[in-house]
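Student: Before we begin, may I see the model whose descriptive terms we are to justify?

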Amino acid sequence: MPHLRRALASTVLLATVTAVTAAPPGAHANGSTVAARAAVGATAADTSVAVDVRAGLATVPDTAIGVNHAIWDSELGTPAVSDLLKNAGVGMVRYPGGSYADIYHWRDHTAPGGYVAPNTDFDTFMAGARRTGAQPMIIANYGTGTPQEAADWVRYANVTRGYGAKYWTIGNENYGNGHYGTAWEADDHADKSPKEYAANVVAYAAAMKAVDPTIKIGAVLTTPGNWPDGIVGAGDSGTWNQEVLARAGSAIDFVDVHWYPGGSSAAEALTKPEQIEDAVYLLRQQLDSRIGISLTETNVGVGPNTQPGALFLADVYSGLLEQGVFTVQWWNVHNGIGTVSTVAGHTDYGDFGLLSSGNCTADGTVCEPPLNTPFAPYHALSLIGSFAKPGDQLVQAGSDNSLVSAHASRKANGDLAVLLVNKDPDHEHTVALNYHGWSPTGQVPTVDSFTNGAAGITRTTGGTAGLQVLPAYGISMVTLHPAAAETGLPKAPGRPVITTVSDRTAEISWPAATPGSKPIAKYEVFRQHGGASEQLGETTGTSITVRNLEPGRRYTINVLARDTAGGLSRASLPLTFTTTSPAAAPCSVRLRDTNDWGNGFVGEVQITNNTATPVNGWTLTFSWPTHWQSVSSGWSATWEQTGTTVRVTSDGTLAAAGSTTAGFVGAYSGPNVLPAVFTLNGNVCTTL
């Protein structure tokens, strides 16, 4: 955190649609759909949500649900707070608190230049973590500390006290030390470059693991699409992430990133979770496959302790965990009153905490609710704690309504939980739920909801498996039972890997599944596609060549095992890959980002005619992967953008085997995934 400030139940308005019937149990074998059939007078669905259990995402770890503790919080580690966190399902707590970590000295429990509350020392923190049932994530002091100080902390924690603290991060937001022009993070090193940080990460890791080789070391990186991602500092040969990973990648076990996506309004802020998949994708492209990802700070910029904060939290935790991030941590447990406003009809205290600090504005005119009163995001966190329990398999869900997001979780007992987030502040939405690879019973579902202004979560039964009504600005978790017991099925195959990939094909292999009560007959390969997967092929072996793919397209696939009785296993963990461009083509294109400033860049496109015939007049076409990318201006050709498609035209001549170059200024407000496919006069080019 750059600043300290980043520091009776209501009735659920779920309408029961009695005239709607779900299809009979067992009538929807693998790949089928349960559709709501509305009789006369029943509410018509305006939103369609598809859930596909064949599209497996990540398995929820026990560290998934996290929060931040801070040494300036006098409630840190108290039984009341620890019990509230336990009840919400928190499995990881971070200490000693954002930027304070880089001025904190654990041995004498001091933070020169900052405030340390009484009874917030490390042992008090650990007592609270144990009462919560959570693992600690500890930030070693990089800014004003030393490798020896960090190693001594490991010794005290794990040798002297036997705490078994596994996760240790070296510093907090250390790119905010002034190297890129903005300074909020303490850093006593004369050299504030990422090269120096990387060298110290290696030294810290060596000293700390010499004490306890079992610990995991994390390094601070930037989140793609968030400052200073993309920027190359003075004297550097690459971005912060590139420099740190090139020098310290072999010494670390995970990376630590933060995400404050902003937004000038609640409506804008609530669109930001759609950036998660691309952000994590870009980050993983930079990492060795053994390196994990932790996101240890996030919050919303508008309505942090009212309903926008709750909706944002539900979407962000779900989205990040789906992408395999091993812990997501809210900033903060307590933070204190800020700018008071009215948001969605309720008082927002500008407090980035989950729980009320019980304090007042400086003039005493407005006071928060009593100490430790849960704010709206706490209730959303509690829903997430039920939705994504350790061991649950998250599966893909898709919505055709931008104001309704959907997530799904498959439980160990076969139940399916569907989390629906209605980001429309003014209107309820009626959702038709469709299931693929799984069939619900006709039993009325259990629905846990948190609505705008409610004092807590309400549980009821209502709607059907096929139709649910979502209250405006509400979060609902619908829990359904399977039509048939899931016994005797094969285990999921191992995670698939890519052997070879081209522009049109991909060779994929996977570890064999363990049979259940029947022998395995075959394996089926599915491509994830918005909650309704497409089957790409099947085989009796443990490898397959998938054909008819599109060049430069990102694919995420799962493998499932089917036994001789027709029983289908759970999905493997996903494999994501991108097809290449053609190896040989009449043209080739090279796109370079020559100068990036964090929300825009100068791009250079080099186009080569690979034929023996001149090209008189040319049109280059490409599409941005996201709607938040655009061309602001261009030169050496005519640049036009419609939607996400860019056309670059010239009446010039491309000589045989000749090249030309054109440039543009690009803008982006999220992860900047560069286009992978270019066509020249209708021909797909080789991308260099």
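Tutor: The discussion below takes the terms applied to this predicted model and sets each against its definition.

Student: What makes the chain as compact as a globular protein of its length?

Tutor: The chain has a radius of gyration of 26 Å, and the globule rule gives 26 Å for 688 residues, so the chain is as compact as a globular protein of that length. Its C-alpha trace spans about 80 × 70 × 50 Å along the principal axes. The secondary structure comprises 9 helices and 38 strands, and 57% of the 688 residues are buried.

Student: Why is helix α1 called oblique to helix α2?

Tutor: The axes of α1 (residues 79-87) and α2 (residues 122-132) cross at roughly 40 degrees and come within 8 Å. Angles under 35 degrees would count as roughly parallel and those from 65 to 115 as roughly perpendicular; α1 is therefore oblique to α2. The crossing is right-handed.

Student: Which residues make that contact, and how do they divide by character?

Tutor: Pro 79, Ser 82, Asp 83, Leu 85 and Lys 86 of α1 meet Gly 128, Arg 131 and Thr 132 of α2. They divide into 2 nonpolar, 3 polar and 3 charged residues, with Gly counted as polar.

Student: What describes the packing of helices α4 and α5?

Tutor: Helix α4 (residues 194-211) packs against helix α5 (residues 240-248) at about 35 degrees, with the axes 8 Å apart, and the crossing is right-handed. From α4, the contact includes Tyr 197 and Val 201; from α5, it includes Trp 240 and Arg 247. The contact residues divide into 8 nonpolar, no polar and 3 charged.

Technical notes. Residues are numbered from 1 along each chain as its sequence is written. This is a predicted model: local features need pLDDT of at least 70, side-chain atom pairs count only at pLDDT 80 or more; totals for chains, interfaces and linings use all residues. Side-chain values use heavy atoms; hydrogens and water are left out. Axes are lines fitted to C-alpha atoms, for helices over the stretch in contact, and angles run from 0 to 180 degrees between N-to-C directions. Helices (H or I, at least four residues) and strands (E, at least two) are DSSP runs, numbered from the N terminus. Angles under 35 degrees count as roughly parallel, over 145 as roughly antiparallel, 65 to 115 as roughly perpendicular and the rest as oblique. A crossing is left-handed if the near helix is turned anticlockwise from the far one by less than a right angle, and right-handed if clockwise. Contact means heavy atoms within 4.5 Å. The radius of gyration is taken over C-alpha atoms; the globule rule is 2.2 Å times the number of residues to the power 0.38. Buried means under 20% relative accessible area, exposed over 50%, partly exposed in between (1.4 Å probe, protein chains only).
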